[in-house]
Amino acid sequence: MRPIDTRSDWTRDEITALYRLPLPDLMAEAMRVHRANFDPNEIQLSQLLSIKTGGCPEDCGYCSQSAKFDSGVKATKLLGLAEVTAAAAAAKAQGATRFCLGAAFRSPKDKDIEAISAMITEIKGMGLETCATLGMLTAQQAGQLREAGLDYYNHNLDTSPEYYSEIVTTRNWEDRLQTLANARAAGISLCCGGILGMGEEVSDRIGLVHALANLDPQPESVPINRLAPMAGTPLGDSAPLDDLELVRAIAVARIAMPRSFVRLSAGRETMSAAVQALCFLAGANSIFVGAKLLTAGNPEPDSDHALLASLGLRPMVG
Ligand code: SAM
Ligand code: DTB
Ligand code: SF4
């Protein structure tokens, strides 16, 4: 089938109309778009590694790694090169084709960029797709990471522009856009998505998808996280997001961003196989594998292999 073209001029009304479709119509359209652009039976496996955990000066209300909350997460130093490359090699051996380095920085120091660049060059050299999420980047730092072999930079918009300041006060929406622009200008593909289930309204979920879809060019990778409530954080007691709200948001993201990888990210540990299957039908085509995300849990590898096998889904090969 002919690929479906992307467009970055979605109106909020159009995204709202998609979101409000009867579920069968929404799913049919999401599947049509998905099949026109991807093999719907293939899932990319990504693995995450926290290379610098905790002690972050930002106050993102969902995050166990902020120094402002008493989450019990201990701050660590940046991991060494050997430990990181060993983890990447193990991930590759388990079938991951993408490896993402996460660091609890507001923004990395230049000496961090040097050390992380060496990690990226090694991981890229193993034939893995590389991604990093290190907080705010200057244009120069983005250029250095690109030079080292960074394929993607993860920097999420997290929620709608209106709700953003309810969740984070130590930076703003414009700061996020600036880092995304710096990464883009350096030639790095964008991994940009958000979190659902932070007490936002449906209109905020619509606002998030609208903002992501109208980035021009659209992010090549869109992680959709369901809040993993972390004890001690302001959002630690949040009620779980309704399963079908998650499915709807994924379907709308798939339709609005037809060529992007839509990644079913945090929160799978508390999702049934049936809900995950609906998310894959709605157009999600990547998951994080490995028993840990950054600090939060994730399904055990055996249970993920069994899930994919039971659905007849194949891991994407590199
Ligand atoms: N410090 C960097 C930053 O925020 O830009 C990178 C690391 S941060 C942990 C990466 C993303 O993970 C966040 O933007 C957020 O969308 C997601 N995330 C963090 N904690 C989460 C949680 N408890 N549940 C779901 N998603 C979460
Ligand atoms: C993203 O959007 N989801 C991943 C990745 N980017 C870095 C991280 C989810 C983190 C979940 C919370 C934790 O492990 O602490
Ligand atoms: Fe820091 Fe990132 Fe956590 Fe925010 S999400 S507190 S920036 S590690």
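Trainee: How do the residues of the shell around ligand 1 divide by polarity?
Mentor: Nine are nonpolar, six polar and three charged. Here Ala, Val, Leu, Ile, Met, Phe, Trp, Tyr, Cys and Pro count as nonpolar, Asp, Glu, Lys and Arg as charged, and the others, Gly among them, as polar. This is a predicted model: local features need pLDDT of at least 70, side-chain atom pairs count only at pLDDT 80 or more, and totals for chains, interfaces and linings use all residues. Residues are numbered from 1 along each chain as its sequence is written, chains are lettered from A and ligands numbered from 1 in the order in which they are written, and side-chain values use heavy atoms, leaving out hydrogens and water.

Trainee: Which of the 18 residues around ligand 1 come nearest?
Mentor: Tyr62, Thr133, Asn156, Asp158 and Ala228. A residue is near a molecule if one of its heavy atoms lies within 4 Å of it.

Trainee: What lies 3.2 Å from an oxygen atom of ligand 1?
Mentor: An N or O atom in the side chain of Arg176. A polar backbone atom of Ala103 is 3.4 Å from a nitrogen atom of ligand 1. The protein covers 89% of the 560 Å² of accessible area that ligand 1 has on its own (Shrake-Rupley method, 1.4 Å probe).

Trainee: Where does ligand 1 sit?
Mentor: The space taken by ligand 1 is the largest cavity. A cavity is a set of points, on a 1 Å grid over the protein atoms alone, where a 1.4 Å probe fits but cannot get out. A molecule sits in one if more than half of its atoms lie within 2 Å of its grid points.

Trainee: Switching over. How does the shell around ligand 2 divide?
Mentor: Six nonpolar, six polar and no charged. Among the residues around ligand 2 are Leu48, Ser64, Thr133 and Asn156.

Trainee: Which polar side-chain atom lies 2.6 Å from an oxygen atom of ligand 2?
Mentor: One from Thr295. Asn154 has a polar side-chain atom 3.2 Å from a nitrogen atom of ligand 2. The protein buries 88% of the 400 Å² that ligand 2 exposes when taken alone.

Trainee: New topic. Is Glu58 buried or exposed?
Mentor: Buried (under 20% relative accessible area, 1.4 Å probe, protein chains only), at 2%.

Trainee: And what does its side chain touch, Glu58's I mean?
Mentor: The side chain of Thr170, in a polar contact of 2.5 Å. Another polar contact, of 3.4 Å, joins the side chains of Glu58 and Arg171. A polar contact is a pair of N or O atoms within 3.5 Å; within protein, one must be able to donate a hydrogen and the other to accept it, and residues adjacent in sequence count only if both atoms are side-chain atoms.

Methods:
Buried means under 20% relative accessible area, exposed over 50%, partly exposed in between (1.4 Å probe, protein chains only). On a 1 Å grid over the protein atoms alone, a cavity is a set of points where a 1.4 Å probe fits but cannot get out, and a pocket is an open set with protein on both sides within 12 Å along at least five of seven lines; lining residues have an atom within 4 Å of a point.
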